[in-house]
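Please walk through this model with attention to how single residues, pairs of elements and whole chains fit into one description.

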Amino acid sequence: MRQNLFKTIFFTLVCIFFIGEGAGATEQPIQYNHYKHTQELELECSMCHQGVKDKVRATIPSVEVCIECHSEPVTDSPEEEKIREFYSKGEEIPWQRLFRVPEHVFFSHRRHVTVAGIECENCHGDMAKRTKPPSKAPMKISMNKCLACHRKLQAKTDCVSCHR
Amino acid sequence: MAKWGMVIDLDKCSACQACVVACQAENNIPNSNPESAAKGRNIHWLEMIPFIEEEYPNTQMKLVPRPCMHCEHPPCIKVCPVGATQISSEGIVGQINARCIGCRYCTAACPYTVKSFNWFKPQWAKGMERALNPDVTVRYNGVVEKCTFCHHRLQKAKDKARYEGRELGPDDYIPACVQTCPSEAMYFGDLDNPKSKVAILARSRRAFQLLEDLGTHPKVIYLNEGV
Amino acid sequence: MSNIRRRDFLKILTGASSFGLAYSYGLFPNIVEGKTLAKQMADASLRPPEEKWVSSLCQQCSGGCGILVRVYGDRAVKIDGNPLHPINRGKVCARGQSGLQYLYDPDRIKGPMLRVGERGSGNWKQISWDEALVSAGEKLKELRKQGKPNSVVMLTGSQDKLAQDVSERFMAAYGSPNLVHCGSDHAATGMVPAINMMQGWEAGVVYDIEASSLIVSFNSAFLETPWSPVQTFQAFGKFRRGQDDVRGKLIQIEPRLSVTGAKADTWVPIRPGTEGVLALGIASMLVLERNYDEDFMANRTFGFEDWTDKKGVLHPGFKTMLIQEYPISRVVRETGVPRDTIISISRDLARHQPALVIGNDADGVGNQGIYNRMAIHALNALIGSIQKTGGVLSRARTPDLSFLAPFKPDAVAAAGLSRPRVDGAGKDVYSLARNVPARLAERIQKKQPYPVEALLLNGANPLFNSHDPEQFLLAIKRLPTIISFSSFMDETTQYADLILPDSTYLEKWQLSSAHTLKGNPVVSIGQPVIDPVYDTRDSAEVLMSLAQTMDKSVAGAFPTAKSQDLIKSSMKTLHKAGKGTSFGAPLEELWTKLLERSGWKVRSHEQFEKFLMDVQGQGGWWDPVYYQWEWKRVLGTPSGKFEFYSLAASKYIRSLKSMEKDVFLEKTTEMTHLDKTDTACMPHGDPGVLKGNESVYNLELNPYSIPILSGLSHTNQAWLQDITGFHVYQNWHTWVEINPETAHKAGVHNGDKVWVESLQGKIVAKVRIYDGVMPDVINLPVGLGHKTGGRWTEGIGENVLQILQYKKEPFTGEIRFTRCRARLIKATA
């Protein structure tokens with residue numbers, strides 16, 4: 001009986017935990033405004049995602065990159081203050097990744113962005129126009145999507161071109 | 001388009017097995033142990049195979065390094081029910097572990113026995129995982145794996161070459177085994193380019209392939225010992 | 001819970017199962033599973049870590065290869081060859097590749113430890129480095145205070161030149177003459193003593209394999225256990241296919257078909273131990289058919305023809321000896337090699353130029369003593385291959401690398417240094433020996449010439465590889481203090497009182513001095529590739545910091561406690577010599593060579609800073625110019641010639657007391673028509689005596705080193721253990737190779753477990769029926785059977801050394817494990 005009780009509690013806990021995660025949205029540590037940066041200030045994506053043009057990985061900027069502009073307040077947003085808090089504590093901002101390919105996939109940003117000239121929207125949707133961090137990736141990355149585009153542009157569709 | 005192939009000169013090969021260990025290190029192949037070895041379930045993508053001919057005192061032993069043959073007509077892809085193993089337009093026979101359902105038809109179909117099944121959960125003693133190659137995915141139990149001609153190196157090399165706006169050079173992409181081979185017995189390159197080193201060697205009269213008569217057309221070509 | 005969708009439900013299931021998995025990891029915290037890793041690897045990519053290739057030095061064996069290590073963030077993930085390094089030119093062997101398993105070995109000693117239980121009980125307490133240093137320092141200081149610094153013995157087996165030099169300096173400053181090298185006490189110097197006898201050059205020789213057209217190898221597994229594996233393999237490739245129109249031919253003479261034998265054109269099976277007799281038989285054929293190099297004999301050799309000494313006594317020449325003692329009938333009878341084969345080898349040697357004759361060299365587990373090796377080397381002289389391209393080249397002098405100015409030992413140290421060594425090297429019967437580790441056990445037990453108070457273990461493991469570990473254990477068990485610097489819990493370190501674990505070669509600065517197979521000196525620098533994985537410290541630095549806590553003169557010998565400083569000053573000395581250059585592309589080096597040959601002095605580096613930067617960045621320094629005709633260096637014997645009759649040996653024998661002399665002659669010579677002293681100065685067949693009753697022990701046991709493990713100081717490497725006996729499909733266990741006929745007679749089958757018993761003891765092995773063995777001979781691989789040291793080595797196989805017969809080598813007193821009689825007993829399941 002006692003054992004059954006434990007099992008029930010355990011299962012419920014697991015349910016709560018994972019449903020919570022499944023239904024829950026990704027919460028970013030700072031309410032970052034992509035629209036302001038890319039549309040109003042017309043900053044290049046690569047200014048913060050520094051690897052996007054010439055590296056395999058686009059990378060999410062480290063707090064060092066943010067602080068270059070935000071060492072002094074430029075707005076009166078309380079969100080901006082958080083950057084300096086993280087920085088002064090010597091911590092990285094715990095950004096949550098929304099876009100990722102599985103680890104058995106080789107994806108090179110520079111090959112797509114620089115060599116092939118693919119626009120960011122193709123994979124990242126309207127991310128650049130969001131005023132608030134979305135709770136989910138605005139566009140889902142799936143193999144079908146990769147393949148559709150590869151076929152359209154007559155790029156390679158060999159398995160081993162991307163899988164590793 | 002390139003057709004990647006390998007030439008192994010058995011006359012130069014000293015059977016030192018540097019290629020075998022280089023392959024283990026490069027491709028995150030799980031450590032073996034006495035128990036799995038006793039069951040013949042250790043994984044090697046590249047193995048040194050002894051062929052003993054004749055009896056004492058005329059004994060002769062041929063030692064043949066055996067990677068995947070990357071056949072032009074691979075028997076393994078015909079039997080795969082899910083398309084997890086396929087030949088690419090550049091001739092590399094790949095094994096997509098994420099797609100593999102572990103039916104092991106391909107391991108049975110391969111006449112060269114190059115395919116290994118992950119019978120156990122691949123495990124690393126704590127601390128050893130730090131030596132893993134970040135370019136190669138770690139497999140899990142229940143899937144088949146095999147030599148890929150280190151195609152992750154091709155992906156990186158191509159990416160680099162394209163970004164630099166040039167064609168892939170002959171030295172840009174070589175597998176780990178070829179790179180380390182101390183006696184320089186292994187060659188790698190484009191078999192379709194008649195001027196490449198491998199294509200020239202493949203035309204040598206010493207050239208042969210393993211189990212040629214099966215019609216698999218291996219792209220690993222051996223050069224026989226002797227004059 | 002009513003709104004659970006199908007997808008969410010699946011998530012729950014997978015979630016629960018991964019929770020279960022995570023839970024099970026909790027039970028086995030020492031194992032990391034692939035799936036977890038896959039996730040970690042994917043997650044770790046917010047910002048990929050920086051990636052670089054760092055040049056360093058491989059120390060798995062003493063070959064001296066330069067490596068480049070791929071460092072990904074703070075992890076070392078791949079080892080490859082340094083393309084600029086003249087020894088390995090971008091290549092590494094299996095051992096080199098496996099360096100990562102050495103570095104990340106989960107069973108390494110992870111920090112300083114103090115023994116708390118009985119000696120050898122395995123009870124340790126983790127302590128801090130400060131405590132450890134104080135504890136070690138106090139003991140050493142106390143002994144110095146008592147005026148007996150000489151009672152400290154350091155056993156070293158380190159391959160790193162920096163560690164060796166620091167140990168030497170430390171012991172000298174401290175005041176003990178007892179620095180004993182014992183990498184493995186079985187004939188680690190290989191061919192060197194034999195060549196020293198005949199050529200008088202201690203640095204030894206190299207074999208120019210790549211330019212040779214014929215190699216006759218006497219039981220030398222040079223493709224498996226070579227001196228410097230990678231360059232030997234490379235040279236082999238060129239030997240076969242690198243020369244225009246010529247394909248080098250390889251004749252392999254050995255009792256078992258080794259991998260080298262498999263790669264050879266001809267395999268000549270021979271009775272174990274009789275290689276010397278065969279070599280002399282071939283020599284005698286060369287002489288009879290006048291197929292030897294007459295010019296070389298006349299101008300550059302001594303003792304070929306009969307000669308008279310100063311006192312007018314006539315001594316037989318090598319030629320006379322051959323004709324009298326080694327008629328072909330005797331050679332056929334003793335070696336089991338057919339007459340025609342002997343004649344054809346001798347004619348091959350005469351026909352193919354340049355040719356090369358190689359003896360068993362790398363590892364002492366063989367049957368060739370100094371006389372057999374001399375016999376084999378004599379063939380090189382006969383065919384005129386001494387100092388010839390494609391022949392035997394003597395190693396050029398390595399320039400001075402001293403890193404610190406000489407110091408003056410204080411009174412305590414001077415008194416200590418004036419005492420005799422515990423192992424007796426350099427005196428009396430051992431006057432020609434530098435180190436006699438084989439005597440340590442006995443001398444320590446007998447407290448001769450004085451009691452030993454402390455033992456420092458610096459890279460040596462005598463309890464595994466000495467000829468009598470039991471005696472050694474008895475000897476050290478009573479010692480008041482044992483301190484080990486080992487990175488691994490090896491057999492000897494188990495008995496230490498204090499462990500100050502060393503860092504591995506990828507975590508510290510090192511220096512190596514080696515030679516190319518063309519004889520050029522190469523000095524390589526190894527820099528730390530990553531920070532120490534565990535709480536370990538470079539043992540050289542530990543010794544230096546210990547010195548600094550001691551008396552002024554000891555501390556004064558080490559103005560620094562940083563290995564990097566020493567390397568810098570060592571390079572300064574090298575720079576001053578003004579020779580050679582930092583590694584470069586082969587073309588650049590060719591240019592340097594041409595310039596220097598024509599008398600230009602190449603000043604490739606005017607400024608030291610630039611020199612240091614290049615040497616460090618590119619991996620080292622070398623001198624591409626090799627002066628081939630420096631006969632004074634090549635032949636440094638008393639006669640200035642190649643000596644078939646060794647004057648050094650003669651002088652040594654004359655120096656012995658009459659009783660010692662009788663014993664010496666008794667042991668070194670067999671039935672001979674010549675004067676015994678003359679025989680003892682010349683090469684002769686030395687097959688050794690097989691002890692034991694032939695009717696009981698009906699087989700002959702032929703030991704050999706496992707290629708993939710030879711030269712390794714530490715074998716807890718799964719990648720290597722997995723390919724030990726690939727030629728007979730056996731790994732992770734000791735196997736015994738048996739001829740099918742012999743197996744049939746003994747009634748054993750492939751895979752059976754049998755006891756292999758000799759007079760010395762017995763071990764369990766798995767039967768491997770193999771056509772590469774002579775009937776009535778069995779082969780046993782040496783290198784397995786560690787009792788401690790980690791999960792991939794302890795309890796794996798058996799220590800074959802323990803059942804072998806051994807013999808003390810004349811002149812040097814080294815222990816040589818030899819073949820012996822044995823029998824098979826079926827093990828019941």
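In this predicted model, B:Gly102 sits in the loop of chain B that lies between β5 (93-95) and α4 (105-109). Is B:Gly102 buried or exposed, or does it fall between the two? With 15 other C-beta atoms within 10 Å, B:Gly102 counts as partly exposed, because a residue is called buried at 20 or more such atoms and exposed at 12 or fewer. Leaving aside residues up to four places away in sequence, B:Gly102 touches B:Phe117, B:Gly142, B:Val143 and B:Val144. A further reference point is B:Cys80, which is 22 residues from B:Gly102 in sequence and, from C-alpha to C-alpha, 9.8 Å from B:Gly102 in space.

From this loop the view can widen to the boundary between two chains, where 56 residues of chain B are in contact with 55 residues of chain C. On the chain B side of that boundary, two or more residues each come from α1 (18-26), α2 (34-38), β2 (47-53), β3 (60-66), β7 (123-125) and α6 (176-180) of chain B. The largest share of this side belongs to α1(B), which gives seven residues. Sorted by class, the side of chain B that touches chain C holds 30 nonpolar, 15 polar and 11 charged residues.

Within chain C, the strands β2, β3 and β4 form an open sheet in the order β2-β3-β4, with antiparallel pairing. Its edge strands are β2 (51-57) and β4 (75-81) of chain C, each of which pairs on one side only, and the twist from one strand to the next averages 30°. How many bridges join β2(C) to β3(C)? There are seven bridges between β2(C) and strand β3 (residues 66-72) of chain C, and the two strands run antiparallel; at one position of this pairing, C:Glu51 has C:Tyr72 in β3(C) as its bridge partner.

Chain C also offers two helix pairs that can be read in turn. Helix α6 (residues 161-174) of chain C packs with helix α20 (residues 539-548) of chain C at an angle of about 20°, their axes being 9 Å apart, and α6(C) and α20(C) are therefore roughly parallel to each other. The crossing in which α6(C) passes α20(C) is left-handed. From α6(C), the residues C:Leu162, C:Ala163, C:Val166, C:Ser167, C:Phe170 and C:Ala173 meet C:Ser539, C:Ala540, C:Leu543, C:Met544 and C:Ala547 of α20(C), a contact that comprises nine nonpolar, two polar and no charged residues.

In the other pair, the axes of helix α10 (residues 275-288) of chain C and helix α14 (residues 339-351) of chain C come within 9 Å and cross at roughly 60°, and here α10(C) passes α14(C) in a right-handed crossing. C:Gly281, C:Ile282, C:Met285 and C:Leu286 of α10(C) make this contact with C:Ile342, C:Ile343, C:Ile345, C:Ser346, C:Leu349 and C:Ala350 of α14(C). By class, the residues where α10(C) meets α14(C) are eight nonpolar, two polar and no charged.

Chain A remains to be described. Its secondary structure comes to nine helices and zero strands. Of the 164 residues in chain A, 16% are buried, while among its contacts between residues at least 6 apart in sequence, 63% join residues at least 24 apart.

Methods. Residues numbered from 1 in each chain as written. Chains lettered and ligands numbered in written order. Predicted model: local features only at pLDDT ≥ 70, side-chain atom pairs only at ≥ 80, totals over all residues. Axes fitted to C-alpha atoms, helices over the stretch in contact; angles between N-to-C directions. Helix = DSSP H or I, 4+ residues; strand = E, 2+ residues; numbered from the N terminus. Parallel < 35°, antiparallel > 145°, perpendicular 65-115°, else oblique. Left-handed = near helix turned anticlockwise from the far one by under 90°. Contact = placed C-beta atoms within 7 Å. Nonpolar A, V, L, I, M, F, W, Y, C, P; charged D, E, K, R; others polar. Pairing = 2+ DSSP bridges.
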